[in-house]
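Me: I would like a close look at one charged corner of a protein model, and at what surrounds it. Could you take me through it step by step?

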Amino acid sequence: MEITEGEARYLLALRDLNVAGSPPSQAAVARKVGVSHPTALEMIRRLRALDLVAAEALTLTASGTSAALVLTSRRHAARVLAHEVLGLDDEQSAAEADALATSLSPVLARRLVAWRTRNAATAAEPHDA
């Protein structure tokens with residue numbers, strides 16, 4: 001399923017907020033994404049219509065969780081790229097990774113995650129001294 005950049009931002013926000021264990025409030029989602037309550041409510045309704053967010057609480061459905069995991073993988077790879085390759089500090093890397101994870105084309109996103117996977121595998125290999 002293709003989702004918009006805005007939908008992706010909300011899915012990542014909901015995943016991050018749900019890590020604490022209990023579903024977040026609509027106000028918490030609005031703050032995390034940086035929008036007004038009515039704007040957040042409109043997007044949450046749209047995500048529910050797409051069956052990405054549960055009807056009864058601000059939790060991700062199985063489809064929403066799957067999409068959020070893909071976005072999280074993209075975000076992690078983008079953070080590694082920004083920090084380790086481009087030399088940005090932690091705060092800058094996190095901000096750039098959030099932006100990249102939701103705006104990359106599917107092709108570039110797949111390539112970035114594949115690069116990160118190869119990079120991690122290479123780093124884990126024992127090197128001759």
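What relative accessible area does Asp98 have?

Reply: Happy to. Asp98 has a relative accessible area of 35%, which makes it partly exposed (buried is under 20% relative accessible area, exposed is over 50%, and partly exposed lies in between, with a 1.4 Å probe and protein chains only). Before going further, a word on the ground rules. This is a predicted model, so local features need a pLDDT of at least 70 and side-chain atom pairs count only at pLDDT 80 or more, while totals for chains, interfaces and linings use all residues. Residues are numbered from 1 along each chain as its sequence is written, and side-chain values use heavy atoms, with hydrogens and water left out.

Let's start with the partners of Asp98. Its side chain meets that of Arg75 in a salt bridge, at 3.5 Å from N to O (a salt bridge is a side-chain nitrogen of Lys or Arg within 4 Å of a carboxyl oxygen of Asp or Glu). Arg75 sits in helix α4 and Asp98 in helix α5, so this pair ties together parts that are 23 residues apart in sequence. Helices here are DSSP runs of H or I with at least four residues, strands are runs of E with at least two, and both are numbered from the N terminus. Unlike partly exposed Asp98, Arg75 is buried, with a relative accessible area of 11%.

Arg75 has a further partner. The side chains of Arg75 and Asp16 also form a salt bridge, with 2.8 Å from N to O. That pair links distant parts of the chain, since Arg75 is in helix α4 and Asp16 in helix α1, 59 residues apart. Asp16, in turn, bridges to Lys32, where the closest N and O atoms are 3.7 Å apart. Here the pair joins helix α1, home of Asp16, to helix α2, home of Lys32, and so ties together parts that are 16 residues apart in sequence. Asp16 counts as partly exposed at 24% relative accessibility, and Lys32 does too, at 45%.

Put these together, and salt bridges with shared partners join Asp16, Lys32, Arg75 and Asp98 into one network. The structure as a whole holds four salt bridges.

The same residues turn up in a pocket. The second largest pocket has Asp16, Lys32, Arg75 and Asp98 in its lining, along with Arg9, Leu12, Ala13, Val33, Ala99 and Thr102. A pocket is found on a 1 Å grid over the protein atoms alone, as an open set of points where a 1.4 Å probe fits, with protein on both sides within 12 Å along at least five of seven lines; lining residues have an atom within 4 Å of a point. The volume of this one is about 190 Å³, where grid points are joined across faces, edges and corners and the volume is the space filled by probe spheres set on them. By class, its lining has five charged, four nonpolar and one polar residue (Asp, Glu, Lys and Arg count as charged; Ala, Val, Leu, Ile, Met, Phe, Trp, Tyr, Cys and Pro as nonpolar; the others, Gly among them, as polar). α1 gives the largest share of this lining, four residues.

For context, the largest pocket holds about 330 Å³ of space. Its lining has 18 residues, and Met1, Glu2, Ile3, Val70 and Arg74 lie nearest its centre. The elements that give two or more residues to that lining are α1 (5-18), α4 (62-85) and α5 (90-103), with α4 giving the most, six residues. Nine nonpolar, six polar and three charged residues make up the lining of the largest pocket.

Finally, the frame around all this. The chain has six helices and zero strands, and its C-alpha trace spans about 55 × 30 × 25 Å along the principal axes. Of the 129 residues, 33% are buried. Among contacts (heavy atoms within 4.5 Å) between residues at least 6 apart in sequence, 57% join residues at least 24 apart. One last local detail for your eye: Asp51, in the loop between α3 (37-49) and α4, has a phi near 60°, a positive value in a residue other than glycine. At 44% relative accessibility, Asp51 counts as partly exposed.
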